[in-house]
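Reader: I am new to this structure and would like a close look at one part of it, the sheet. Please take me through how its strands are arranged and what lies against them.

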Amino acid sequence: MIPIDTRPLFRIERQALLELLRSLEPTDWQKPTVCPGWSVADVTAHILNDYMRRISGSRDEHGGAAFGDGETLPAYLARINEEFVRAMRQCSPHLLIELLARLGPELDLLWAATDLEGPAHLDVSWAGLSVSPGWLDIAREYTEFWVHQQQIRDAVYRPGADDVSMLRPVLVTFLHALPPALRDRIRPCGTTVRFEIAGPAGGHWTGVSDGQHWELTTSQTLEPTASVRMDQDTLWRLASRGITVETARQRSELRGDQELADSAMTLLAVVA
């Protein structure tokens, strides 16, 4: 794994989000986003839901809404997210902005009190670990907020919030989904799959097999067993399923072991 500390970025990301939201015209709030059935206002409400759920669960140890009978985690999350968004449609954009500005610093305090190397408050299921470290849980939350901000920016045709300091941690965090994407491909110890990400925030990362499992590293080999090359925009959209695997494949260059490269292209860094 590649530990990263994203805690200083939350305030920066939130400031960019608030400036964006405060600049929107009334009609912008109803524009559709890539999230099916959700407008800009709905995605903003969902971000607020994420704030409230983390503060309630991690700070206040509140159990939250109960699972339905036989309900899977993806179905549960889809249901409670939709319920919250629907309820918040009675609230004004101005109120949504006020609540985000008020609750954001409470999240900052929560992250500051978290042991980065200790067990996470919420495990990161898509990283394939039975117990996740605190830093990965926090980084996952940062990617959640950053991606939703980009979805809003896409909807209202506003670029930004994608400079290297903000985007590179998103890419590194999402690449922790590579080992699970390769888990069914058993290869000899030392087999490598390289991800080459083009763009200012990009770089090179490698999945290395120990004969049974895969691990994400920054090590480089002259001739990887397989390699995937794509630009930074393609990676974050693929990992968050803003685009399909097929679309990402059309925008990428795959070399070497075809099975490994194809599996690497399925990396998924959201619960689905």
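**The sheet, strand by strand**

Author: A good place to begin is the pairing of E1 with E4, which is parallel and runs over 6 bridges. This is a predicted model, and the description below follows its coordinates. Within the pairing of E1 and E4, Ile-197 stands opposite Met-230, a residue of E4.

E1, residues 192-198, also pairs with E2, residues 203-209. These two strands run antiparallel and are joined by 6 bridges. One pair of partners there is Glu-196 and His-204, the latter lying in E2.

E4 has a further partner in E5: the two are antiparallel, with 4 bridges between them. Here Val-228 stands opposite Leu-254 of E5.

Put together, the strands form an open sheet of 5, in the order E3-E2-E1-E4-E5, and the pairing is mixed. The edges are held by E3 (214-217) and E5 (253-256); each has a single partner strand, so one side of each has no neighbour in the sheet. On average, neighbouring strands are turned by 15° against each other, direction ignored. Helix H8, residues 232-239, packs on this sheet and touches both E1 and E4 (226-231). The direction of H8 makes about 105° with that of E4. As for the side chains, in a regular strand they alternate between the two faces of the sheet.

The rest of the chain gives the sheet its setting. The protein chain has 10 helices and 5 strands. Its radius of gyration is 19 Å, close to the 19 Å given by the globule rule for 272 residues, so the chain is as compact as a globular protein of that length. Along the principal axes, the C-alpha trace spans about 55 × 40 × 35 Å. Of the 272 residues, 51% count as buried. Among contacts between residues at least 6 apart in sequence, 68% join residues at least 24 apart. The accessible surface of the chain is about 12,800 Å², and 54% of that belongs to carbon and sulfur atoms.

Another stretch of the chain carries a label from a record. An unreviewed UniProt entry annotates residues 11-152 as "domain: Mycothiol-dependent maleylpyruvate isomerase metal-binding". Over residues 11-152 the chain is 62% helix and 0% strand. The C-alpha atoms at the two ends of that stretch are 18 Å apart.

Definitions and conventions:
Residues are numbered from 1 along each chain as its sequence is written. This is a predicted model: local features need pLDDT of at least 70, side-chain atom pairs count only at pLDDT 80 or more; totals for chains, interfaces and linings use all residues. Side-chain values use heavy atoms; hydrogens and water are left out. UniProt positions are given in the numbering used here, feature names are shortened, and annotations may be inferred rather than shown by experiment. Two strands pair if DSSP finds at least two bridges between them. Axes are lines fitted to C-alpha atoms, for helices over the stretch in contact, and angles run from 0 to 180 degrees between N-to-C directions. Contact means heavy atoms within 4.5 Å. The radius of gyration is taken over C-alpha atoms; the globule rule is 2.2 Å times the number of residues to the power 0.38. Buried means under 20% relative accessible area, exposed over 50%, partly exposed in between (1.4 Å probe, protein chains only). Accessible areas come from the Shrake-Rupley method with a 1.4 Å probe; for residues, only the protein chains shown count as cover.
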